[in-house]
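Reader: I have a structure in front of me and would like to go through some of its side chains and backbone angles with you. Could we take it question by question?

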Amino acid sequence: MNFKKTIRTFALTAMLAFAAMPVAAQDLLARQAPVDRRMKMVDTLMLKNLTAREELENPAAELYEDWNNKFAHRATALPETFRINLKNFCMPTPSRVITSNFGPRWRRQHEGLDIKVYIGDTIRSAFSGKVRMVKYDARGYGKYVVIRHNNGLETIYGHLSAQLVKENDEVRAGEPIGLGGNTGRSTGSHLHFETRLCGVAINPALMFDFREQDVVADYYMFNRDTYRAESAEATRLRGKVDNGSYSREDVIGSGANSPEANDEVLYHKVASGETLNSIAKKRGVTVDTICKLNHIRKNMRLRPGQILRYS
């Protein structure tokens with residue numbers, strides 16, 4: 001009798017235990033859910049931080065296999081389509097004058113736009129990114145800077161008289177990166193400006209309108225099959241003006257859009273024989289202004305190649 005009673009008691013206890021298990025499991029899951037959410041947030045934050053670090057080390061890493069300071073450009077496979085973000089841009093120069101278009105020129109391919117600038121004019125980074133190269137090429141670009149941007153583009157700034165950044169510097173859109181010049185294979189002072197995707201030159205006029213000092217849209221949708229035809233149309237709409245005439249104001253800017261009106265930081269590269277008085281007269285400022293901006297004395301002896309800020 002006692003044995004049967006014990007069996008019944010054991011069976012009842014087991015049934016109650018099995019019945020309680022789903023409830024306990026649910027309680028465990030309920031307690032675990034906030035922990036899982038917190039861990040997911042931590043994982044997401046860690047992933048964002050990791051992505052941000054990788055972006056700083058190698059912008060647009062999904063397009064480029066490596067980061068090196070050996071080649072100005074090296075063509076790799078182009079994506080079939082790629083959306084290039086043009087927001088948060090800065091025109092590399094306030095000059096509105098294009099002196100040479102992208103495309104065939106003198107039996108070779110001209111892979112950028114030539115923009116008229118004067119020696120010493122400030123050249124700025126078009127987008128935020130990281131400086132990949134600062135080099136000198138006597139037979140080509142002269143003194144040049146290559147920047148890889150977070151939007152996938154690389155921009156090249158050629159024929160500079162001075163480079164104001166170093167390789168691996170991080171730069172923001174609008175930061176001065178060089179001064180206009182006439183170095184390398186150049187017949188007059190100008191900026192040679194290239195835009196490249198995966199090392200392949202694409203027409204800057206597809207994205208930049210120098211005459212209007214603006215980008216053409218917030219985004220440019222690159223298409224491997226159509227961009228060449230689009231390039232020809234972009235040159236027709238935004239390329240060199242046939243008569244080639246321009247004024248100094250077209251180059252240095254005027255009115256509300258001028259560098260001076262926007263308190264733009266401008267630099268001058270000292271040429272042989274120049275003095276503070278001659279530079280001040282040329283740049284339309286006072287000697288006191290130049291001395292104050294550069295923390296120098298009026299009787300300081302200038303040396304050729306020295307960079308002076310004048311605005």
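Reader: Over the ring of which residue does the charged end of arginine 148 sit?

Author: This is a predicted model, in which local features need pLDDT of at least 70 and side-chain atom pairs count only at pLDDT 80 or more, while totals for chains, interfaces and linings use all residues. Residues are numbered from 1 along each chain as its sequence is written, and side-chain values use heavy atoms, with hydrogens and water left out. A charge sits over a ring if NZ of Lys or CZ of Arg is within 6 Å of the ring centre and within 35 degrees of the ring normal. The charged end of arginine 148 lies 4.0 Å from the centre of the ring in question, which belongs to tyrosine 64.

Reader: How far is the charged end of arginine 83 from the centre of the ring of tyrosine 219?

Author: Here too a charged end sits over a ring, with arginine 83 supplying the charge and tyrosine 219 the ring. The distance to the ring centre is 3.8 Å.

Reader: Why is the pair of phenylalanine 127 and phenylalanine 208 stacked, tilted or edge-to-face?

Author: Rings of Phe, Tyr and Trp (its six-membered ring) pair if their centres lie within 6.5 Å, and planes under 30 degrees apart count as stacked, over 60 as edge-to-face and the rest as tilted. A search of the whole structure finds 7 aromatic pairs. In the pair of phenylalanine 127 and phenylalanine 208, the ring centres are 5.8 Å apart and the planes stand at 55 degrees, so the pair is tilted.

Reader: How many residues apart in sequence are the parts that phenylalanine 127 and phenylalanine 208 tie together?

Author: Strands are DSSP runs of at least two residues and helices (H or I) runs of at least four, both numbered from the N terminus. Phenylalanine 127 lies in the loop between strand E6 (122-124) and strand E7 (129-137), and phenylalanine 208 in strand E15 (residues 208-209), so the parts they tie together are separated in sequence by 81 residues.

Reader: Is leucine 191 buried or exposed?

Author: Leucine 191 has its place in strand E13 (residues 190-197). Buried means under 20% relative accessible area, exposed over 50% and partly exposed in between, with a 1.4 Å probe and protein chains only. Because its relative accessibility is 1%, leucine 191 counts as buried.

Reader: What is the phi of histidine 295, about how many degrees?

Author: Histidine 295 is found in the loop between helix H5 (287-294) and strand E19 (307-309), and at 73% relative accessibility it counts as exposed. Although histidine 295 is not a glycine, its phi is positive, at about 55 degrees.
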